[in-house]
Amino acid sequence: MINTEAVGCDLLVVSPHTDDAEIGLGGTLHRLASRGRRVWVADLTRGELATNATPDERWAEAAVASEILGLAGRVQLELPDGFIAPDDRDQTGRVVALLRRLRPRWVVTAPDPVRHPDHVATPLLVRRAVFMARLQGWQPELGAHHLWAGGAALPAPAARWEVEARFAVCPDDSAPTLLFDISEHWEAKTRALAAYASQFGRDAGQTPTTINDPAFLARIERRARTWGRRAGVPLAEALCGGGATVLDDLPDARWGA
Ligand SMILES: [Zn+2]
């Protein structure tokens, strides 16, 4: 028997920067939230090294996106942008403290695209923190953080926490473990992405980057169509990892098709 005292988080997405969760999983987050699941996003850094926009501007954009997706809550830590380090005791401790506050059933890291070093490091940091959160003998502090005013408050910490499953947003070249049909949630995902005008737009004189090139959004749609073909639906998002999935029963609906 594990996972006692769950208080209000079915799924927690942990990613380095505001907009990573929306890029990788915006449709799934909206889908689960619209079905009453309590979905949280944690951004590990303030994105202070961003080419365009200040941390406060990005956090304001994240508030709009969070509202669109129907998140239960969103929190931003102040880990150093560009220097997320899985072996760092302080960084691990802050994520441990976050897990013990939110007590999520599932944790998903949104590391894609993986060319950014923080995107490579985050799944490793979270993996370590998920393990260490079980060890009552270490009680690190959460440290400086920002809480989305439109969402829930952070609960008081439990002494330990054990998540049920840990996944990552599936990179293009990996095999997915789970696929979510986001066909009816694509519009919400694109609206959530559009909330990050400083990152995805070029109209306000932003410096050109990989992600404000229109080809980037086209690539996100192409990926959703590729996963959708695998799922037998128009558009899907994919998770990998998590170990083998144990089902209680046949899933709803399309198994008769
Ligand atoms: Zn990022």
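In the predicted model, Arg 103 is placed in the loop between helix H3 (89–102) and strand E4. The phi angle of Arg 103 is near 50°, a positive value in a residue other than glycine. With a relative accessible area of 4%, Arg 103 is buried, since the limit for that class is under 20%. A second residue with a positive phi is Asp 19, for which the angle is near 90° and which is likewise not a glycine. Asp 19 is found in the loop between strand E1 (11–15) and helix H1, and its relative accessible area of 3% makes it buried.

Strand E4, which follows the loop that holds Arg 103, belongs to an open sheet of eight strands, arranged in the order E5-E3-E2-E1-E4-E6-E8-E7 and with mixed pairing. The edges of the sheet are formed by strand E5 (145–147) and strand E7 (178–181), each of which pairs on one side only. From one strand to the next, the twist averages 25°. Helix H2 (residues 55–69) packs on this sheet, where it touches E2, E3 and E5, and its direction makes about 155° with that of E3.

Within the sheet, strand E2 (residues 39–45) and strand E3 (residues 73–79) pair in the parallel sense over five bridges. Among the residues joined in this way, Ala 42 has Val 75 of E3 as its bridge partner, while the partner of Thr 45 in E3 is Leu 79. Six of the seven residues of E3 are buried, so that this strand is largely enclosed by the rest of the structure.

The model holds one aromatic pair, formed by Trp 106 and Phe 167, whose rings lie 4.8 Å apart from centre to centre, with 40° between the planes, and are therefore classed as tilted. This pair links distant parts of the chain, given that Trp 106 lies in strand E4 (residues 106–109) and Phe 167 in strand E6 (residues 165–169), 61 residues apart. The accessibility of the two partners was also computed: Trp 106, at 24% relative accessibility, counts as partly exposed, whereas Phe 167, at 4%, counts as buried.

A zinc ion is bound by protein donors from His 17 (ND1), Asp 20 (OD), Asp 20 (OD) and His 119 (NE2), which lie 2.1 to 2.4 Å from the ion. In sequence, the donor residues are spaced H-x2-D-x98-H. Distant parts of the chain are linked by the pair of Asp 20, in helix H1 (residues 20–34), and His 119, in helix H4 (residues 117–132), which are 99 residues apart. Asp 20 is buried, with a relative accessible area of 3%, and His 119 counts as buried at 5% relative accessibility.

The geometry at the zinc ion was assessed from the angles that the four donor atoms subtend around it, which run from 56 to 138°. Four donors would count as tetrahedral if all angles lay between 85 and 135 degrees; the arrangement around the zinc ion is irregular because of the angles of 56 to 138°. For comparison, the ideal angle at a metal with four tetrahedral donors is 109.5 degrees.

How values were computed
Residues numbered from 1 in each chain as written. Predicted model: local features only at pLDDT ≥ 70, side-chain atom pairs only at ≥ 80, totals over all residues. Heavy atoms only, no water. Donors = N, O, S within 2.8 Å, 3.2 Å for Na, K, Ca; no water. Tetrahedral: all angles 85-135°; square planar, octahedral: opposite > 155°, others 65-115°. Helix = DSSP H or I, 4+ residues; strand = E, 2+ residues; numbered from the N terminus. Buried < 20%, exposed > 50% of the residue type's maximum accessible area, 1.4 Å probe, protein only. Phe/Tyr/Trp six-rings, centres within 6.5 Å; stacked < 30°, edge-to-face > 60°. Pairing = 2+ DSSP bridges. Axes fitted to C-alpha atoms, helices over the stretch in contact; angles between N-to-C directions. Contact = heavy atoms within 4.5 Å.
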